[in-house]
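Notebook open, structure loaded. I want to go through some helix packing, then the core, then one strand residue.

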Amino acid sequence: MAVSGGKYVEVDPGVELFVQDVGKGDPIVFIPGFTFTTEVFSKQVEHFSKTNRVIAIDPRSHGRSTVTVHGNDYVTHGTDLGKVLRELDVENAVLAGWSFGCLTVWEYVKQFGFERIRSLVLIDMSPKSLSVNDGDWTEGPLDEIGAIYNTYLRNPQGHREFITSYITQVMVQRKLREEELAWLVGESLKTPYYIAANLFASGMFSDYREQARIASETVPVLNVVAEHWADTAKAFIEKTAPRSKVAVLGGHMMFWEHSEKFNEILEQFLSESRK
């Protein structure tokens, strides 16, 4: 099926990333989270492409990008992002990462600094996924995270069960229609379970607190966090990246479920950061 603005960028020999590139103006680059695809940002692409150049990327082994056994970690994803931005001649961009896509953004900052970057939008992700310190913003207790890795991400059925549970309990607040849930699960399952396991481990053992701090002192940064852990997230951001702006909205996938409100928040941030 033809996709408006769809193209491919080779980031390694034999490895191509699918990129949607539509609209004109100041660029906004959307990077999806763990095993998800450009499709989840359809409401942002439609809205912002009227005024901006909007780029949405399927990371390697996600969506329509090449499925490869190599480089399924967020260090490589950061390198891939740099190659895409250079290939598409993107300058002065707003980088918008969702969930583990934020790790790609921070890794880009670690490798390339603020080359080509105007501002950052970080959607519901702590720069350090695991911690034993009370009060830290984490993805969950260590034992729970270990159980997900060792129990669910070992076969296709487990991957399907895990992502279904995460979608219905964390990502979306309302009751999904059957076809909506099937679509979301299907987008995630485009990444094979054995690659999902690699990405899960890479994400959980990442620590980008230093990049989060540096970013908040260098460029405008907006964090949009879910309601269910807003107090913890805001306190952690205040400690690690105190110059960042914080907005609270919905569940983990608030940009999809509450797209109009999310787009308003992003529009306001873009307007303020131009001043």
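At what angle do the axes of helix H2 and helix H3 cross? I looked this up first, keeping in mind that the model is predicted. I get roughly 75° for H2 (residues 74-87) against H3 (residues 101-112), and the axes come within 8 Å. Since 65 to 115 degrees is the perpendicular bin, I log H2 as roughly perpendicular to H3.

Next, who makes that contact. On the H2 side I list Tyr74, Val75, His77, Gly78, Thr79, Leu81, Gly82, Leu85 and Arg86. H3 brings Leu103, Thr104, Glu107, Tyr108, Gln111 and Phe112. Sorted by class, I have seven nonpolar, six polar and two charged residues where H2 meets H3.

**Entry: H4 and H7**

I moved on to helix H4 (residues 142-152) and helix H7 (residues 193-204). Their axes are 10 Å apart and the packing angle is about 160°. Anything over 145 degrees goes down as antiparallel, so H4 and H7 are roughly antiparallel to each other. The crossing of H4 past H7 is left-handed.

For the residues, I find Ile145, Ile148 and Tyr149 of H4 meeting Ala197, Phe200, Ala201 and Met204 of H7. What is the class split in the contact of H4 with H7? I count seven nonpolar, no polar and no charged.

**Entry: the core**

I then pulled up the largest nonpolar core, which holds 81 residues. The members that touch the most others are Val29, Phe34, Leu95, Trp98, Leu120, Met253 and Phe255. There is also a second, separate core of eight residues, with Trp137, Trp229, Ala230 and Ala233 among them. General note to self: in soluble globular proteins, nonpolar side chains tend to be buried together.

I picked Leu95 for a closer look. Skipping neighbours within four places in sequence, I see Leu95 in contact with Val29, Leu81, Leu85, Val105, Tyr108, Ile117, Ser119, Leu120 and Val121. Two of those names, Leu81 and Leu85, I had already written down for H2 in its contact with H3, and Tyr108 was there on the H3 side.

**Entry: Leu222**

Last stop was Leu222, in strand E7 (residues 221-225). Is Leu222 buried or exposed? Its relative accessibility is 5%, so I mark Leu222 as buried.

Beyond four places in sequence, Leu222 touches Leu120, Val121, Leu122, Lys245, Val246, Ala247, Ile265 and Phe269. Leu120 and Val121 were on my Leu95 list too. I also checked Leu222 against Pro59: they sit 163 residues apart in sequence and 22 Å apart in space, C-alpha to C-alpha.

Methods. Residues numbered from 1 in each chain as written. Predicted model: local features only at pLDDT ≥ 70, side-chain atom pairs only at ≥ 80, totals over all residues. Heavy atoms only, no water. Core = buried A, V, L, I, M, F, W, Y, C linked by side-chain atoms within 4.5 Å. Buried < 20%, exposed > 50% of the residue type's maximum accessible area, 1.4 Å probe, protein only. Contact = heavy atoms within 4.5 Å. Axes fitted to C-alpha atoms, helices over the stretch in contact; angles between N-to-C directions. Helix = DSSP H or I, 4+ residues; strand = E, 2+ residues; numbered from the N terminus. Parallel < 35°, antiparallel > 145°, perpendicular 65-115°, else oblique. Nonpolar A, V, L, I, M, F, W, Y, C, P; charged D, E, K, R; others polar. Left-handed = near helix turned anticlockwise from the far one by under 90°.
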